[in-house]
2 protein chains.
Amino acid sequence: MPETFPTKPEVARPTMIDVARRAGVGLGTVSRVVNGGHGVRDETAQRVRAAIDELGFQRNEVARALRPGKKSTSLALVLGDLTNPFYATIAKSSLEVAGQSGFAVVLGSVDEDPEGEKRAIQELVSRQVAGLMIVPDQGDHAFLQGAGVPVVFVDRPATGIDADIVMVDNEGGGKLATDHLLAQGHERIAILLAPSYYTIGRRLRGFRRAHRAAGIDVDESLVIQLPEGNAEAAEKATREVMLRADPPTAIFASTNFLTEGVLRALGELGQEPAVVGFDDFRLADMLPTPVTVVASDIAELGRSAARLLLDRASGADTRPPQRIVLPCGLIERGSGERPPRSAGERNPR
Amino acid sequence: MPETFPTKPEVARPTMIDVARRAGVGLGTVSRVVNGGHGVRDETAQRVRAAIDELGFQRNEVARALRPGKKSTSLALVLGDLTNPFYATIAKSSLEVAGQSGFAVVLGSVDEDPEGEKRAIQELVSRQVAGLMIVPDQGDHAFLQGAGVPVVFVDRPATGIDADIVMVDNEGGGKLATDHLLAQGHERIAILLAPSYYTIGRRLRGFRRAHRAAGIDVDESLVIQLPEGNAEAAEKATREVMLRADPPTAIFASTNFLTEGVLRALGELGQEPAVVGFDDFRLADMLPTPVTVVASDIAELGRSAARLLLDRASGADTRPPQRIVLPCGLIERGSGERPPRSAGERNPR
DNA sequence: CTGTTAGCGCGTTCAA
DNA sequence: TTGAACGCGCTAACAG
């Protein structure tokens with residue numbers, strides 16, 4: 001164990017001036033050496049670099065960001081629950097891209113309410129971030145208009161402002177899932193909807209479009225709007241719908257958490273309608289019946305957002321607001337390939 | 001849709017001087033109003049507040065952090081793979097605590113190599129964060145000695161520096177899991193070890209201690225050190241060990257990802273030794289055989305770390321480096337309660 | 001009570 | 001090639 005100093009927090013970090021003094025040169029010279037070192041005699045540069053090493057000097061990024069006109073080298077990321085693998089994946093992948101360009105990522109604290117989101121965003125803006133990546137809540141985002149910072153919305157658009165947006169093909173994914181179930185012969189498909197307005201709405205549109213294309217009417221009593229987006233709500237709703245006189249033969253769960261709740265309920269009921277979920281999740285292939293899902297490359301969602309934002313922040317990209325849509329694919333694992341069974345055939349409780 | 005301005009990024013945000021001019025007061029007065037507004041006549045304060053609203057002024061946190069002696073209002077968080085729910089939980093919970101105190105959390109880009117971690121940390125330090133929360137990699141962290149920033153290590157200690165540390169009772173957890181298996185009558189228990197040095201080592205110690213206490217020898221061929229910490233490595237190792245002439249009757253998987261790999265292999269082999277995992281994970285209760293795990297309150301890990309760091313940063317806490325250890329509990333779900341079966345009884349492939 | 005001023009650490013002029 | 005001086009936005013210390 002090396003020598004341990006008893007808590008010595010007040011060791012002021014050396015500044016450029018310290019380095020200049022140490023090397024016996026002027027401030028400007030140090031600055032030039034630090035940023036590329038053009039126009040400095042080799043010998044002088046050597047001395048400066050030596051002083052830097054000896055003092056353990058590190059450029060102060062905060063002061064640097066104060067420089068007239070320039071922005072900081074950090075991006076902000078505002079999203080919901082990091083505990084949701086979906087968001088965690090976005091965080092991770094955007095972080096990677098930002099890091100490669102020397103940018104840090106600041107996470108705002110994200111409460112549930114839209115008011116909290118606005119507060120968090122303004123906090124971040126006041127920290128002079130170079131750009132914002134936002135997975136927006138429902139509230140109006142017009143207040144970002146004059147923020148003077150480029151914004152990229154992730155996963156869903158926001159109202160009140162026209163900015164870049166990176167998302168997945170929700171409607172296409174909804175149609176894909178539904179087509180798949182219809183192709184197995186299902187005609188009574190329930191869809192469970194989380195209370196998010198945009199993405200879920202699109203998935204529902206895909207659901208309806210698939211039915212229309214197949215010439216089958218949607219039973220509106222099977223379009224189930226949940227009060228909350230968690231597994232518990234889905235579990236409860238699944239139990240209810242499966243205990244009806246005429247239960248569905250298939251279920252389309254519109255988010256990963258809902259899928260979990262559906263499976264939990266079905267496990268308890270001992271019933272086995274076909275199930276397709278939206279968004280893949282860890283262990284989906286290891287459940288008693290491996291789960292068929294519609295999925296997209298979430299990591300790419302985060303990477304695209306970060307790349308786009310970095311280009312906007314640097315001024316390299318001045319195109320009008322872009323709209324990047326990533327495709328969805330179907331991953332067949334078993335639960336979505338079950339054939340329809342009539343009510344009489346199903347196992348009793 | 002509201003009026004949309006075609007990309008107008010060069011709208012300089014208003015400064016305190018702008019507010020001062022607008023309100024017809026001095027700069028200092030504005031500053032006073034912004035920070036609490038003590039010692040300012042009500043009427044003047046009103047005018048200032050009005051000007052602030054009209055201009056949409058927001059305090060520049062960057063400039064604020066430049067103030068002599070003062071630190072910024074952001075903490076840094078350095079950790080591994082956010083895609084691992086374990087890390088994601090730490091991030092979320094520490095973020096919540098920090099946010100409640102008006103602190104933002106900056107995530108450093110985290111590559112795998114220890115060199116990358118050092119770079120990331122120095123990046124963060126150069127951003128003048130008020131404190132660092134680090135889930136350290138193996139490398140030496142002595143370079144943090146003179147950083148002049150409080151540091152809290154999370155989940156495992158680091159070498160080369162004596163700082164606060166918040167972790168779980170790894171050894172106790174290891175013993176708990178092993179005791180449980182021994183209590184079922186298992187005498188040949190395999191343990192799968194991820195290549196992380198500290199936590200895993202402690203869990204192994206608990207494993208050995210439990211054996212010693214029970215008066216049972218550890219078969220060293222069942223102490224399996226994996227080359228990597230992912231599910232694939234665990235899957236491979238499990239397959240190999242279960243196909244031996246004298247396979248174990250129980251397996252202790254030392255991390256959540258390893259547990260996953262173990263179960264995957266067992267599913268393919270059609271064998272059912274008892275299994276206990278370290279750290280709980282989503283869907284553990286929904287697998288074909290619900291998984292028994294040793295778990296601790298990971299969210300509390302993050303919260304404690306953030307709280308401790310905030311107190312250090314504010315100077316409110318000047319105690320010598322603390323060592324907070326959270327307890328582990330056993331969650332019995334089925335896989336860990338299977339009795340031992342002799343090799344002859346196990347199902348053929 | 002309120003206005004003014006001096007830095008904080010750095011990059012960028014402008015001279016020398 | 002190098003040094004000195006100014007300003008970024010803000011707070012604290014000092015006058016008035």
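These legends walk through a few close-up views of a predicted model with two protein chains and DNA strand C.

**View 1. How chains A and B match up.**
Turn chain A by 180°, with 0.0 Å of shift along the axis, and it lands on chain B with an RMSD of 0.1 Å. The two copies are therefore related as by a two-fold rotation axis. Looking for the spot in chain A where a C-alpha comes nearest that axis? Go to Val106(A), whose C-alpha is 2.1 Å from it. Both copies use the same surface, too: 100% of the contact residues of chain A turn up again in chain B.

**View 2. The protein surface around DNA strand C.**
There are 27 residues around DNA strand C, and the ones that come nearest are Met16(A), Gly26(B), Thr29(B), Arg41(B) and Thr44(B). Sorted by class, this surface has nine nonpolar, twelve polar and six charged residues. Helices H2 (27-34) and H4 (61-66) of chain A and helix H2 (27-34) of chain B each supply at least two of its residues. H2(B) gives the most, with four.

**View 3. Zooming in on the phosphates.**
On the DNA side, 70% of the strand C atoms within 4 Å of the protein belong to sugar or phosphate, and the rest to bases. Now for some phosphate oxygens of DNA strand C. A backbone N or O atom of Met16(A) sits 2.6 Å from one, and a backbone N or O atom of Gly26(B) lies 2.7 Å from one. Arg64(A) uses its side chain instead, with an N or O atom there 2.9 Å from a phosphate oxygen.

Conventions: Residues are numbered from 1 along each chain as its sequence is written. Chains are lettered from A and ligands numbered from 1 in the order in which they are written. This is a predicted model: local features need pLDDT of at least 70, side-chain atom pairs count only at pLDDT 80 or more; totals for chains, interfaces and linings use all residues. Side-chain values use heavy atoms; hydrogens and water are left out. Copies are superposed by least squares on the C-alpha atoms of residues with pLDDT of at least 70 in both. Contact means heavy atoms within 4.5 Å. A residue is near a molecule or strand if one of its heavy atoms lies within 4 Å of it. A polar contact is a pair of N or O atoms within 3.5 Å; within protein, one must be able to donate a hydrogen and the other to accept it, and residues adjacent in sequence count only if both atoms are side-chain atoms. Ala, Val, Leu, Ile, Met, Phe, Trp, Tyr, Cys and Pro count as nonpolar, Asp, Glu, Lys and Arg as charged, and the others, Gly among them, as polar.
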